[in-house]
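Me: I am new to this structure and would like to understand how its descriptions are justified. Could you take me through the reasoning behind them?

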Amino acid sequence: MQHKSAIERILNARGISAADEVAEFLSEKPQKTYNPFLLPNMEEGVDLILSAIDDERKICIYGDYDSDGVTSVALLRDVLKEIGADVTYYIPSRFDDGYGLNSAALDKIKAAGVSLVITVDCGCTSVNEVEHAKSIGLEIMVTDHHTPKENLPDCIVIDPLLEGSEYPFKYLAGVGVAFKLAQALVESTGAAKEILTKNLDLLGIGTIVDIVPLVDENRTFAKYGLRALNVTERAGIKALIDKLGIKQGEITSRTISYIIGPHINAAGRVDNATLAARLLQTDDYERALELTDELINCNMERKKFQDELQKVCYENIDDESISRDRFILLSPKEAHEGIIGIVAGKLKEEKNVPVLITTPIGEGMHKGTGRSPSGINLFQLLHSHAELFTRLGGHSAACGFSIAEENLPLLREALRRDMEGMLKENPNLLDSSPEAEIIMYPEEITKDFIAQQKLLEPFGKDNEEPVVGVELVPFDVARMGEGKFLRFSGKLGNGNLIRCVDFRKADEHEGKLSMAQEASVRVTAVGNLDLQSWNDKEYIQLNLKALKL
């Protein structure tokens, strides 16, 4: 009996098996999207905005300083302008205002003649700040995608994670929630759908860079967003990709995650995210080129700060303490607060434990950020010790917080107890050895499979590049890259050969491979398959993640 194709088996392993689900997942024009009015409080939010427009009141969009917040601001502002709103925006400074709503910033917004504030990508935990806004005569509504606390701000809150929400998909990015609000506004006013389609490029960038699950409605957003990016005429995006040497028509989720996104984020990390917002909203290509130069300089500065902080962090951790505590909590004295999140993410990837980095901000206070591997809900973990923090927000994989320096030892002890308890309950909680989604038949390991694999893109959280198992007999095991990495060849069951490289655990795997090579026995190499070329010849390569004898 003919077995299913490798792609079908991968989809089945990911819980996608019904014919219509498979067709939707692989479709170039996915249809999975939902009625925006299913989001909690959407109808009231639309009524409030349209009432403000009818009364010719000034509206301010208040966003976050990362790429999700910046794209949310640019998208919603464009839509509001198109339907006749008098609209401005405010993006807080990471260094002066901090994350989320800020009372002093709201005072400035009020003084500028604003009547209604709409948050994007922030606000669902800003109870006190919303009360302040109301006390100075500002109307306010919150759109967010972060995890709300028990006490909600006393205003209209649109968030798919609200308790009792009937929205079918809970994991939109901030820009996804902003887009659903835009959809509801366009539907309610009868405005042209083109208002939405011309902003799909921003929707794609924000969704992909914010590392939300690229499944369900987010997959629809990412696919249409990528198509829009590859033909966009937006001056700011054109200038950015031209300066960075990116070819329009060849932009993938990887291009966004590793090139476009970091440049947009860099503005808020080392300067002010308003720079990136201006770039995304300008219609003047020459002006966009100037703004792009500033953004590229910000990213270069970001890299310098990142290298310096990574060096300091590595000097202050040791594998013995990580093995004992199963988390990392660092408080370097002069860490750049715009960079600590990136470094926490890098350490999390390498050590596969929750990582928290804090930096002093004066008056005995620290600002901190955390990143966590899958399997540990970092927001819930920290929220269980909410009394230690003056501010706390985020979601399962990433959090931001403020904490008194005197509470850091208490936090360390609390995390130590928590991790010990969780690992006692589930000893494999932090096992980082990936399992193969499927074992490939030798005849399936072809260039055709590599081409079909592209149908699973865009890759991202919860839709990673396929991890497959390949049974082979290894030979020609050797070091490369000044001895840091490993390469070897493998003989498949049908006699074909495959090249393999190991950039992760060369020391651990070299001995196993040598033993298997001497005994001419098979191993299962687990990793990603891709196509490489050398001297005008193409060959299939497996990027090793794990090895099983």
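The questions and replies below go through some of these descriptions, for what is a predicted model.

Me: What makes the protein as compact as a globular protein of its length?

Reply: The protein has 20 helices and 16 strands. Its radius of gyration is 25 Å, close to the 24 Å that the globule rule gives for 549 residues, so the protein counts as being as compact as a globular protein of that length. Its C-alpha atoms fill a box of roughly 80 × 55 × 45 Å along the principal axes.

Me: Why is Glu56 called exposed?

Reply: Exposed means over 50% relative accessible area, and Glu56 has 70%, so it is called exposed. Glu56 sits in the loop between α3 (42-54) and β1 (58-62), and together with Asp54, Asp55 and Asp86 it forms a patch of negative charge on the surface.

Me: How do you know that Ser520 counts as exposed?

Reply: The cut-off is again over 50%, and because Ser520 has a relative accessibility of 55%, it counts as exposed. Ser520 lies in the loop between α20 (506-519) and β15 (523-534), and it has a positive phi of about 50 degrees although it is not a glycine.

Me: Why is a positive phi worth pointing out in a residue other than glycine?

Reply: Most residues other than glycine have a negative phi, which is why a positive value is pointed out. Asp536 also has a positive value, with phi near 65 degrees, and it lies in the loop between β15 and β16 (537-548). With a relative accessible area of 84%, Asp536 is therefore exposed.

Note on methods:
Residues numbered from 1 in each chain as written. Predicted model: local features only at pLDDT ≥ 70, side-chain atom pairs only at ≥ 80, totals over all residues. Heavy atoms only, no water. Patch = residues over 30% accessible without salt bridge, like charges linked within 9 Å, V, L, I, M, F, W, Y side chains within 5 Å. Areas by Shrake-Rupley, 256 points an atom, 1.4 Å probe, with all protein chains shown as cover. Salt bridge = Lys/Arg side-chain N within 4 Å of Asp/Glu carboxyl O. Lys, Arg positive; Asp, Glu negative; His and termini not counted. Charge placed at Lys NZ, Arg CZ, Asp CG, Glu CD. Helix = DSSP H or I, 4+ residues; strand = E, 2+ residues; numbered from the N terminus. Buried < 20%, exposed > 50% of the residue type's maximum accessible area, 1.4 Å probe, protein only. Rg over C-alpha atoms; globule rule 2.2 N^0.38 Å.
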